[in-house]
Each structure stands twice: as structure tokens, then as C-alpha cells.
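Dear colleague,

Please find below the structure that I am handing over to you. My notes on what was found in it follow directly after.

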Amino acid sequence: MKTILKNAKRLLSSNEMEACEILINGNRIDKLDTVISEEADKIIDLKGKLILPGFIDVHIHLREPGGEHKETIITGTEAAARGGYTTVCAMPNTNPVPDSKESLTAILEKIKTDALVRVLPYAAITKGLKGEERTNIKELSEIGAFAFTDDGVGIQTADQMLRAMKDAAECGTAIVAHCEDNSIVYGGVVHDGEVSERLNLPGIPSITESVQIARDVLLAEKAGCHYHVCHVSTKESVRVIRDAKRAGIKVTAEVTPHHLLMTEQDIHENDADYKMNPPLRSKEDQQALLEGLLDGTIDFIATDHAPHAADEKAQGFLKAPFGIVGLETAFSLLYTNLVETGKITLQQLVAWMTNKPAQVFNLPYGTLEEGSIADITVVDLEKVSVIDKSSFYSKGKNTPFQDWKVKGIPVLTIAEGNIVYKEDIHG
């Protein structure tokens, strides 16, 4: 089947835009030109909207199997498509955990039948995410694990992490780490700072994250492993990663939209929609994260989309689970609050959500060119919307961005040549 996307614009490396039309043939981009006059089975008039590569998110939680009351592969990938994502990587904190050939194979089969967009599943570093017995990284890598992580739990011993890194290095795969030293968390639920004192809540010190990153980059150097740091949140962490990169260590890192756009000062009451791990940090940390992104210390943006049921989040900071949703709001929030304000360019934002994660993990996606997979996101840069969690496709409504006014709304998402989300497009 041939589809032509007409009357669109594409972004140039100079941040300027030019007229663009795309001919999709099957699952590939067959032709990209200012005007395409060929015959096609379907023609979609984009009326001047912006065509971008499909977004890539290497850090999301789909909850299935075992947590279907929070999210499923179906609802999570519907949310991803609505947000403009065509590739997402699902974390292994499910039940059962993908820590064996059987459990990972079962998840891969479920993805084949249910996923609306491409889902690349992680496998666990340790059995049951318990930090004790390591999984068979070679076997799991061979059957389709994207990379390896115990996300949500830091690997507590250097020995366990070093052995896992050596296994991963032998297989040419990555170790992806939620960095947290449990011995100095002290039961914290928010950042250890002014807000924890004001709300009388136990705080999570910044050092819990940065001290484990400092350990791990040295272990990665020893093992010769690609080591990737999840959701960096502190200025100390940025400093450690920057120094490690300067030393030639193969370390990469991501930052979330919520850590770029919010700080602990945004928490005004005991509202667990603001509870995530790592927590919202200080303004100094926020500034360091943006600087790290701009100078290449942090490689790209990932949402850490973490849906929970409403009754779970209603329990307040002390009892509610950590995590917020992000797939449906990421691009518009970042475009409105960082691009429109001149802090970053549109070209930078698009790169951090497409080709940068693809480059880090050697994925053949994230580009818009002839011959590439037809993963395409169309964005209306002028459309203004107000974030309304009741309209989310995700089962999770746990967002701190309710009622934020945004621009830059994804209106059409095409994954491997198939329309997976469509809004206000005629054709």
C-alpha cells in the first residue's frame, strides 16, 4: 500500500523548515521531496504541519504481566502512539519478571499480539529483581532482550554489578541502571530539602544516586561495558558522568521531562502525583540537568512513564507508590517550556527524542530519510491544548502536569507504515 503525506514541513539541521512530502510504500519511506505527484492508495493532507521521525522512549513501564490494573501492553502503546512514540522499551518490573527464557519469551509473544507500536523489552539483571542471583544474560540477549536492568532497584553490591557488566560486555549489550544506594535512602519519599522539612516527610538525599553512579562508572571501565544511567536527577550525578565521559568510559545517561520542568518547589501539599523516584530535586539540580543535556553529558530524554491506579496514588506520599505517567505529554511540555522559551532549539529536542537514543543503543530507527522505516510523527506546533488526565489513553492518570497549557501537539503517528494514532487530520 502506498500513502502520501502532502503539504507538510520538515525540520532542517539549521532549525529552519522546508516544504516536504513523503511517499510511504509498505513499511518504508520510498520518497521524500518538496512535492510528490505519484499515484497512491491514500493521500493525507497535513496542511503545513511538521513531520518528524517517530519518537523513541527507552524507559517506560507497561506493567503487564501482573499489573494490568495499572497498565497493559495495549493501553500503554496506545498512550505511546498518542504521544508520538513509535518505539518504546519496557522495564522488567512485572510479575513474573523477565528473568528466564520462558518469562521473556511469553512477554515477547504478548507484544507481538497486543502492541500498537514497537516494544523492545528489557530483561532483569538479577532473578526476581532481588539483587542476589544473576540472570543468564547471554541466553536472554540471544532471544530478544533489549538490554539489562533491575530498574526500580539499585544493584547494591559492587561484585554483583561487576559480574553483570562483564557478562553484558561479552554479549555486546548494555547494563542500564536505576542508581540508588539503599543504605542511605532512610525511608525517604521526597527530596531531602526544604519541602521535606515543610511537609514533615522523610527525605531522599542526593548522594543516594550519585554515589552509586560513581561506583558504577569505575566498574564499567574495568568491565569494558556500555553502562547507561536512568533518570539522572542531581548535580553531583551530572558531574560524575561528565568526568567519566572525559575519562573515556562508555557511559550514557538520560533525563526525564519532569526533572527538567519541575523542582521540589512545585510540591505544595501531600499530593502523591508529585511522588517519583528519583524525586523532584532543587533548582540547582534542575539547572545542572539542563546544562548536562546541552553539553552532551546527558545523551537524551526518556519519560520513565510509570502508571498507577488512582486509589494507590490517593494514599499520600508515605504510602503511595513512586511514579508518574509521561508518554502523552512529553513532547508538548518540553516544546512549550523549553523550546518556546528559547532554552533549547527544536532541533535539539527532536534529536533527544529520536536519533540520540537510537544512536546510543544502535537502533535502526529515529531518522526521516528515503529507505528508512516509516516511523513518523506529525506535530501541530500552533495547536494549543490544556493537559487533561481524564482524556489520557493510559490507564494511569497520575500526572503533576494537570491543567498545564501546552503547544506542539502530536496529531498523527505512523509506525512501520501503519497509522496508529490520528487526530484532526483529513485525508
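Helices (H or I, at least four residues) and strands (E, at least two) are DSSP runs, numbered from the N terminus. In these terms, His61 is located in the loop between S6 and H1. Please keep in mind throughout that this is a predicted model.

I begin with the annotated positions. The unreviewed UniProt entry lists His59, His61, Asp151 and Asp304 under "binding site". These residues are spread over 246 residues of sequence, yet they cluster in space, with a largest C-alpha distance of 10.2 Å. From this set, His61, Asp151 and Asp304 belong to the lining of the largest pocket.

Is His61 buried or exposed? His61 has a relative accessible area of 4% and is therefore buried, since the term applies to values under 20%. Residues up to four places away in sequence aside, His61 touches Glu71, Met91, Asn93, Asp151, Asp304, His305, Ala306 and Pro307. Two of the listed binding-site residues, Asp151 and Asp304, are thus among the contacts of His61.

Asp304 carries a further annotation, as the unreviewed UniProt entry also places the feature "active site" there. Asp304 sits in the loop between strand S14 (300-301) and helix H10 (310-313). With a relative accessible area of 11%, Asp304 is buried as well. Which residues does Asp304 contact, leaving aside its neighbours within four places in sequence? They are His59, His61, His231, Thr256, Asn277 and Ile324.

I turn next to the sheets. One open sheet consists of three strands in the order S6-S7-S8, with parallel pairing. Strand S6 (55-60) and strand S8 (118-121) are at its edges; each has a single partner strand, so one side of each has no neighbour in the sheet. On average, and with direction ignored, neighbouring strands of this sheet are turned by 20° against each other. S6 is joined to strand S7 (residues 85-90) by four bridges, and Ile60 has Ala90 in S7 as its bridge partner. Four bridges also join S7 to S8, where Cys89 stands opposite Leu120.

In a regular strand, side chains alternate between the two faces of the sheet. Both faces of S8 are covered: Arg118 and Leu120 are buried on one side, and Val119 and Pro121 are buried on the other.

A second open sheet has four strands in the order S9-S12-S13-S14, again with parallel pairing. Its edge strands are strand S9 (174-177) and S14, each of which pairs on one side only. Strand S12 (residues 226-229) and strand S13 (residues 251-255) are joined by three bridges, and the bridge partner of His228 in S13 is Thr252. Helix H7 (residues 235-246) lies across S12 and S13 and runs at about 150° to S13.

The interior also contains enclosed space. How many cavities of 30 Å³ or more are there? The count comes to four. The largest cavity holds about 80 Å³ of space. Its lining consists of 14 residues, and those nearest its centre are Glu64, Ala90, Met91, Thr94 and Ile107. Helix H2 (101-114) and S8 each contribute at least two residues to this lining. Two residues named above reappear here: Ala90, the bridge partner of Ile60, and Met91, which His61 touches.

Lastly, some points of backbone geometry may merit your attention. A cis peptide bond, with omega of about 10°, joins Glu64 and Pro65, and Pro65 is in the loop between S6 and helix H1 (73-82). Another cis peptide bond, with omega of about 5°, joins Asn95 and Pro96; Pro96 is in the loop between S7 and H2.

Positive phi values occur in two residues other than glycine. Leu129 has phi near 55° and is found in the loop between S8 and helix H3 (137-143). Its relative accessibility is 13%, so Leu129 counts as buried. Glu416 has phi near 50° and lies in the loop between strand S16 (405-415) and strand S17 (418-422). At 36% relative accessibility, Glu416 counts as partly exposed.

With kind regards

Notes: Residues numbered from 1 in each chain as written. Predicted model: local features only at pLDDT ≥ 70, side-chain atom pairs only at ≥ 80, totals over all residues. Heavy atoms only, no water. UniProt positions renumbered as here; feature names shortened; annotations may be inferred. Buried < 20%, exposed > 50% of the residue type's maximum accessible area, 1.4 Å probe, protein only. Contact = heavy atoms within 4.5 Å. Pairing = 2+ DSSP bridges. Axes fitted to C-alpha atoms, helices over the stretch in contact; angles between N-to-C directions. 1 Å grid on protein atoms, 1.4 Å probe; cavity = no way out; pocket = protein on both sides within 12 Å on 5 of 7 lines; lining within 4 Å. Points joined across faces, edges and corners; volume = space filled by probe spheres on them.
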